[in-house]
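Hi,

Here is the structure I promised to pass on. Have a look at it first, and then read on for my notes on the strands and a couple of the turns.

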Amino acid sequence: MFPLSAFATPLPQNEPVPGGVVVMQLPQAGRAPRVQFDGRRIMVIRHDGRWYAVVGIPLATAPGQKTLSVRLADQPRRQLGFTIAPKQYPEQQLIIKNPELVNPPASALDRIEREQAHLEHVLNTWTTDAAPELTFIWPADGPQTSGFGLRRFYNGEERSRHTGIDIGAPEGTPVRAPADGVVADAGDYYFCGNTLTIDLGQGLYSVYCHLSKISVRRGAHVKQGQIVGSIGATGRTTGPNLHWTVSLNGTPVDPHAFIPASAIPALDSR
Ligand SMILES: [Zn+2]
């Protein structure tokens with residue numbers, strides 16, 4: 001037997017900014033403390049004999065002082081403070097040929113609202129206390145073509161922030177699970193196209209958009225690196241690419257927090 005610490009889950013990268021992940025050491029305790037931020041349950045991980053909170057910070061968060069609410073067994077809640085620094089994200093101009101994907105027709109609004117509510121519900125569901133794998137693999141053979149958090153303008157009109165990263169590759173390129181998990185949702189969405197959501201545990205989710213094919217079903221257990229679909233151009237997109245959102249405590253965060261720099265292909269690698 002190896003000592004358990006040989007397999008300790010490495011923690012994600014701590015970047016206390018809007019859209020980043022905060023990794024905070026918690027008071028010593030025998031059992032996992034229960035942690036909340038903004039009324040939402042927060043991931044708690046044991047690493048090298050200590051407890052850590054792993055907190056997703058919404059892109060819309062104002063910089064400044066924040067507090068985590070921490071409860072140790074049989075003790076009153078206590079507040080732990082931390083500071084969010086400002087971060088400037090760049091702008092990006094995009095041209096979309098189908099105007100209905102920029103300004104959806106009235107007939108599509110019900111569908112869009114229903115889909116957003118459904119995905120919101122999925123991403124806010126806490127299914128397991130088990131510790132997730134916090135070191136992801138790069139999910140498709142292609143470079144990053146667009147970064148997280150960009151302020152996006154479609155045909156000159158500002159729309160929602162870019163809540164994930166894009167990986168460019170030809171249609172049909174295999175897409176792999178970033179870590180072990182369970183398929184929480186699979187379906188065809190107005191903006192996101194064919195969309196696959198994998199529950200990685202403790203409120204951490206991976207969402208893949210624009211797929212040409214989804215090859216796993218809801219409820220299926222998937223292993224890190226397993227092929228779960230193929231790259232496509234379904235939904236609102238300028239061409240075949242994988243849009244990848246990582247959601248933590250119900251908020252999209254920069255996937256790079258979970259990816260070792262050595263695993264990221266360079267833009268000129270193809
Ligand atoms: Zn995208």
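Keep in mind that this is a predicted model. I'll start with the hairpin: E10 and E11 form one, with two residues between them. One of the turn residues, Asn155, has a positive phi of about 45 degrees. That is a positive value in a residue other than glycine, so I checked how accessible Asn155 is: at 33% relative accessibility, Asn155 counts as partly exposed, because the partly exposed class runs between the buried limit of 20% and the exposed limit of 50%.

As for the strands on either side of that turn, E10 covers residues 151–154 and E11 covers residues 157–158. The two pair in the antiparallel sense over two bridges, and Tyr154 stands opposite Glu157 in E11.

E10 has another partner too. Strand E8 (residues 91–94) pairs with E10 in the parallel sense, over four bridges. If you want a spot to click on there, take Gln93, which stands opposite Phe153 in E10. So E10 is parallel to E8, but antiparallel to E11.

Which other residue should you look at for its phi? Try Gln202, where phi is near 55 degrees, again a positive value in a residue other than glycine. Gln202 sits in the loop between strand E15 (193–201) and strand E16 (204–211). Is Gln202 buried or exposed? Buried: its relative accessibility is 5%, and buried means under 20%. Asn155, by contrast, is partly exposed, and lies in the loop between E10 and E11.

Now for the sheet nearer the start of the numbering. What is the strand order in the open sheet of three strands? The order is E1-E5-E4, with antiparallel pairing. Strand E1 (21–25) and strand E4 (43–47) are the edge strands, and each pairs on one side only. From one strand to the next, the twist averages 30 degrees.

Within that sheet, E4 and strand E5 (residues 50–56) run antiparallel and are joined by five bridges. His47 has Arg50 in E5 as its bridge partner. When you step along the strands, remember that in a regular strand the side chains alternate between the two faces of the sheet.

That's what I have for now. Over to you!

Cheers

Notes: Residues numbered from 1 in each chain as written. Predicted model: local features only at pLDDT ≥ 70, side-chain atom pairs only at ≥ 80, totals over all residues. Heavy atoms only, no water. Pairing = 2+ DSSP bridges. Axes fitted to C-alpha atoms, helices over the stretch in contact; angles between N-to-C directions. Buried < 20%, exposed > 50% of the residue type's maximum accessible area, 1.4 Å probe, protein only.
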